[in-house]
Amino acid sequence: MQPSLLSDERVRKACETTRELKIPDEKTLPVLRKLLQENGENWTLIKLDNYTALIDAIYSLDEEEEEEEDQKLTESSSNNNRGKSSHVNVIDSPPSAATLKKQGSGSSNRGKSVDPPATLKRKYETRSAKPGSSTEESHKQQPRSSDVVRKKKYKTIIRDITKGSESVEISLVDEVGTEQVPKFTYIPHNIVYQSAYLHVSLARISDDDCCASCKGDCLSADFPCACARETSGEYAYTKDGLLKEEFLDTCLKMKKAPDSFSKFYCQDCPLERDNGKCEGHLLRKFIKECWRKCGCDMMCGNRVVQRGIRCQLQVYFTQEGKGWGIRTLQDLPKGTFVCEYIGEILTNTELYERNIRSTSERHTYPVTLDADWGSEKDLKDEEALCLDATVCGNVARFVNHRCEDANLIDIPVQIETPDRHYYHIAFFTIRDVKAMDELTWDYLIDFHDESHPVKAFRCCCGSELCRDKKPKGSGGKSGERKKVVPAKKQAGSKTVAVKRK
């Protein structure tokens, strides 16, 4: 089988790179074959950084064999206690590859457990060669062209922070080793905290608000169904599951120049009851997806957000002072749905009270669901809602802020209820995003507004267009920010809440 593999130009180039490190083809080819099988024959991540994932997969198997040998020697003689290579601290993870190997047979690399390339690249790209090993000698004799310095392994690895609740695994790594793993409960769907009014009922969805007569995929029909009425009679998605460019561009214009679009001004604004003046709520464009009462199937092209996360994502600890962040492990084209902002559904009063009780904690950024308050005649306190991912949330709680040139946009999505005071917040890419790039979102904070309740942090986004131009090194984060405490609540007022500018 080796001659067959070597006939592929890509395989030959990979072997040429490993030969420079004195790694024979007999070791390279079985590992390469395994990586390709587990990665769906995708070469993109394998070739990243001059085949770092492949090289480190070979090294990791060598380390496991040495660990097994050391363990056997230790068991046979208590006086023969050789030093072992350092372990990665794996939390909430399945059995290690070394453990799985003991259950197999043979000493060859063939058939052994190998992590996917994306995981291996992060897990081992900073590993050090063992003192006195042939690997260390080969590094001295023939340095690698990628200039990767292998100094240490990641301090912490969580194989899947979702604990199996999403259709894809989302890992967490800390290559710095100075931050504790964030404490929160991962939830894949929004949940009501206590008093928020959310009434999901099939009976409340009229025939005009669904497509009961549709079959299969609505996007394949000759005419758009009733669910496309919200987006001017045209679906927001393409047949490839991406946002249509025209729809996305309009949403971007509303975000960049909100004053040029229609706003609704409350007579008794839930966010401004301490001073009585409503600053206006932008009437944003919605996506209306098909749901349970519709006749189409779950793979309908108008069911994107409700099917959940499909992208390969990773939470990592940044080195730019922003704390934890998210990066993509795959290339994402413009208009890709990345994830939904998930958290507890609170009333603005509940958010205020939570902030008062927990002044010492750090909060993620709460999102006010005010995209269509103008459709509500009298908005009650239990209908003035927001999402808070501090205690319970999903991977979106780690999305960092970036001024002006972020690569994600948040778009309201209506799915299971016609009530516009509750909807979903979905993140889509606004341009092509390369694998390993951080995913960011512009929170639209006015950093020069001294009265703004989220002024408790200093922006570290690093953008040339940063709206908070101040000296660096002052601390603070952009993604998971300091405690948010709204302005003082006046006596008799029903609610005071955090509002995004």
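## Long-range contacts and overall makeup

Take the contacts in the chain between residues at least 6 apart in sequence: 72% of them join residues at least 24 apart. This is a predicted model, and its chain has 501 residues, 53% of which count as buried. The secondary structure comes to nine helices and 18 strands.

On the outside, the accessible surface of the chain is about 23600 Å², with 47% of that belonging to carbon and sulfur atoms.

## Nonpolar cores

The largest nonpolar core has 46 residues, and the members that touch the most others are Ile161, Ile170, Leu313, Tyr341 and Val395. Several strands feed into this core with at least two residues each: strand 9 (313-317), strand 10 (324-328), strand 11 (337-340), strand 14, strand 17 (424-429) and strand 18 (438-441). For a feel of the packing, look at Val395. Setting aside neighbours within four places in sequence, Val395 is in contact with Ile161, Ile170, Tyr186, Ile309, Leu313, Val315, Ile326 and Cys339.

Apart from that core lies another one, made of 33 residues, including Cys225, Leu252, Ile287 and Cys294.

## A buried arginine in a loop

Arg397 is worth a click. This arginine sits in the loop between strand 14 (385-393) and strand 15 (400-401), and with a relative accessible area of 3% it is buried, the cut-off being under 20%.

What does the Arg397 side chain reach at 3.0 Å? One partner is the backbone oxygen of Ala389. The backbone oxygen of Thr390 also lies 3.0 Å from a polar atom of the Arg397 side chain. Both of these partners are backbone oxygens.

## Salt bridges

The count comes to 17 salt bridges. One of them pairs Asp25 with Arg19, where the closest N and O atoms are 2.7 Å apart. Asp25 is buried, at a relative accessible area of 16%, whereas Arg19 is partly exposed at 41%.

Another salt bridge joins the side chains of Asp410 and Lys255, at 3.0 Å from N to O. Asp410 belongs to strand 16 (residues 408-414) and Lys255 to helix 8 (residues 245-256), so this pair ties together parts 155 residues apart in sequence. Both Asp410 and Lys255 are buried. Helix 8 has a hand in a further bridge through Lys256, whose side chain meets that of Glu404 at 3.8 Å, N to O. Glu404 lies in the loop between strand 15 and strand 16, so here the tie is between parts 148 residues apart in sequence. With 30% relative accessibility, Glu404 counts as partly exposed. The story doesn't stop at that pair: Lys256, Glu404, Asp442 and Arg467 are linked in a network of salt bridges.

## Cysteines

How many disulfides does a search of the whole structure find? Zero. Cys466 is in no disulfide, and the nearest cysteine sulfur, which belongs to Cys459, is 3.7 Å away. A disulfide needs the two sulfur atoms within 2.5 Å, so that pair doesn't qualify.

Are Cys466 and Cys386 buried or exposed? Cys466 counts as buried at 12% relative accessibility, and Cys386 counts as buried at 1%. Cysteines turn up in the packing too: Cys225 and Cys294 are among the residues of the 33-residue core, while Cys339 is in contact with Val395.

How values were computed. Residues numbered from 1 in each chain as written. Predicted model: local features only at pLDDT ≥ 70, side-chain atom pairs only at ≥ 80, totals over all residues. Heavy atoms only, no water. Buried < 20%, exposed > 50% of the residue type's maximum accessible area, 1.4 Å probe, protein only. Helix = DSSP H or I, 4+ residues; strand = E, 2+ residues; numbered from the N terminus. Polar contact = N/O pair within 3.5 Å; in protein donor to acceptor, adjacent residues only side chain to side chain. Contact = heavy atoms within 4.5 Å. Areas by Shrake-Rupley, 256 points an atom, 1.4 Å probe, with all protein chains shown as cover. Salt bridge = Lys/Arg side-chain N within 4 Å of Asp/Glu carboxyl O. Core = buried A, V, L, I, M, F, W, Y, C linked by side-chain atoms within 4.5 Å.
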